[in-house]
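Student: I've got a protein chain open and I'd like to practise reading it. Can we go through it together?

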Amino acid sequence: MLKTGKEHLESLRDGRRVYIGRKLVEDVTAHPAFARAAQTIADLYDFKANAANRDVMSYVDDDGGTYSSYFMRARTRADLAKRSAAHKQISDLSYGLLGRSPDYVASFVTGMAICPEVFGDGADRITAYWRHMRDNDVYAAHAIVAPQAARDPAYYERENRPIPTLRVIEENDSGVVVHGMKMLATGAILANEIWIGNILPLAPENKAESITLAVACNEPGLSLWSRRPLNVPGGAEADDPLSRRFDETDAMVLFDHVFIPWERVFVHNDVALSRELYFRTPAHAYGNHQSSVRFRSKLELVVGLASRIAQSTGADQVPAVRETLGRLASQEALLAGLIDGQLWSAEPWGDYLSYNRRSMYAAMNWCVENYSGIIDVLRELCGGGVLQMPADSSVLDDEELSTIFKEFWHTPQLDAVSRMKLHRLAWDLVGTEFAGRHLQYEKFYAGAGFIVRNHNFREAPWPRFHGVVDDLLSSYGNSAESGDDS
Ligand SMILES: Cc1cc2nc3c(=O)[nH]c(=O)nc-3n(C[C@H](O)[C@H](O)[C@H](O)COP(=O)(O)OP(=O)(O)OC[C@H]3O[C@@H](n4cnc5c(N)ncnc54)[C@H](O)[C@@H]3O)c2cc1C
């Protein structure tokens, strides 16, 4: 099935409990904080369902059905390339500003369905869940981290306080009852379901927390606690174009005695598997290939914007500024190469193929370490221009003020109205709350920096590296005269 935008919006009117502060949102597709972003997601579904885009955006599976490309278990490099192209189309539509677009968690689950045997007696359940997502074109978000600073159940037991971290508190023949909280489900407010699990290691005694499951966003007892929405209703789109269209939402997920049937439980009482399933299957590689591709779309926006800003101030004529722009362009090319590396050094996985993990983790680390610096370059190029603009574009609706504005803000490079539009766009990427949230996102979307570097450590071919050193060491001796210490 290829869902349309209208069908997706309808699916969000399902009685879910979303809180903004103390206010319960009745309909996320109509609430001013979320309606515009919900429409952005709906537009993605319409793009995907459009017959003109089907070559890239969909595939025909073994059962003859047509599904979204990101549910494809790749058998050839061409399949991987097609998945990659679909990610690029989706991220281009959002300029890389939707981290958890519908293709993200779907790719994780598809990676798991490539080797379901890793799940032991949960193998059939994970395959069935992948099929359910694929057949219904489900948009899933995920929350796979325990709440910050609440990762020590012993403390809560000692102090006789309720443990905030999600855990199983009851189980019976039909399923489990879970209670507690998970962070931080980006996109969940606009999605259908949430994948819950553990990407960070758990202590052996924390078995009850190892629960890995999928749950519908409207499940009784589940609530989503939104962070402060970034879309400021009213005014013109040109005043804050990105905040308005692309606030993908972040929410804490609270479970109050929620029942989960066994068919949606994938890991239970197994702390090792609850984390390792992301690495013992191609889940992490499939999911985070999207992250690399998505970041590249964002980088294309940043590099283009940096150049346009430099043109608007005339700084593009300065050799040092051209050098800065050249460095930015080289960074985009570097990431493009790392993405190609994930494809060209694809890894066999049984009958299937996965993106190269080392290239994927190298790209992930590079993005985590460089985004703030890249945005700072754009900030520097903007100078004070971004704050030189009137508070909002309503100034253009007043004849007298508009005339003055057009006269005084005009420069040799650009007319006043175009300047305001350009600088507002830049400010939404470097200065607004939306921009700040993106700095935080790029640093933490895959875990803190030390976690990302640990993935690189884990996948590194240490025997090969050590062999190089050992070969060199054995090629000479310790004796000063003969070069031989025998
Ligand atoms: C905008 C945004 C969106 C997110 N979206 C999602 C999502 O969709 N799904 C999801 O599951 N999660 C999501 N996350 C959560 C993310 O996974 C966590 O923020 C991340 O794992 C880091 O955990 P933490 O915030 O608890 O930081 P902490 O673990 O508390 O770390 C904070 C800082 O403390 C220091 N530190 C802590 N421990 C160590 C250590 N052992 N060694 C060295 N330094 C250390 C580091 O400086 C680290 O950066 C999102 C986060 C953000 C900010």
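Student: Is Thr249 buried or exposed?
Tutor: Keep in mind that this is a predicted model. Thr249 sits in the loop between α8 (241-246) and β11 (251-261). Now count neighbours: a residue is buried if 20 or more other C-beta atoms lie within 10 Å of its own. Thr249 has 25 C-beta neighbours inside 10 Å, so Thr249 counts as buried.

Student: Which residues does Thr249 touch, not counting residues up to four places away in sequence?
Tutor: Leave out those sequence neighbours, and look at what remains around that loop residue. Thr249 then touches Phe34, Ala37, Thr186, Gly187, Ile189, Leu190 and Ser226.

Student: And how far apart in space are Thr249 and His289?
Tutor: In sequence, Thr249 and His289 are 40 residues apart. In space, going C-alpha to C-alpha, the separation is 22 Å.

Student: Okay, helices next. Are α5 and α6 parallel, perpendicular or oblique to each other?
Tutor: Two packed helices are described by the angle between their axes and the distance between the axes. Here the axes of α5 (residues 103-114) and α6 (residues 123-136) come within 9 Å and cross at roughly 140 degrees. Over 145 degrees would count as roughly antiparallel. That crossing angle therefore makes α5 and α6 oblique.

Student: How many charged residues are in the contact of α5 with α6?
Tutor: From α5 come Ala106, Val109, Thr110, Met112 and Ala113, and they meet Ile126, Thr127, Tyr129, Trp130 and Met133 in α6. By class, the contact has eight nonpolar and two polar residues, and the number of charged ones is: no charged residues.

Key:
Residues numbered from 1 in each chain as written. Predicted model: local features only at pLDDT ≥ 70, side-chain atom pairs only at ≥ 80, totals over all residues. Axes fitted to C-alpha atoms, helices over the stretch in contact; angles between N-to-C directions. Helix = DSSP H or I, 4+ residues; strand = E, 2+ residues; numbered from the N terminus. Parallel < 35°, antiparallel > 145°, perpendicular 65-115°, else oblique. Contact = placed C-beta atoms within 7 Å. Nonpolar A, V, L, I, M, F, W, Y, C, P; charged D, E, K, R; others polar. Buried ≥ 20, exposed ≤ 12 C-beta atoms within 10 Å, placed from the backbone.
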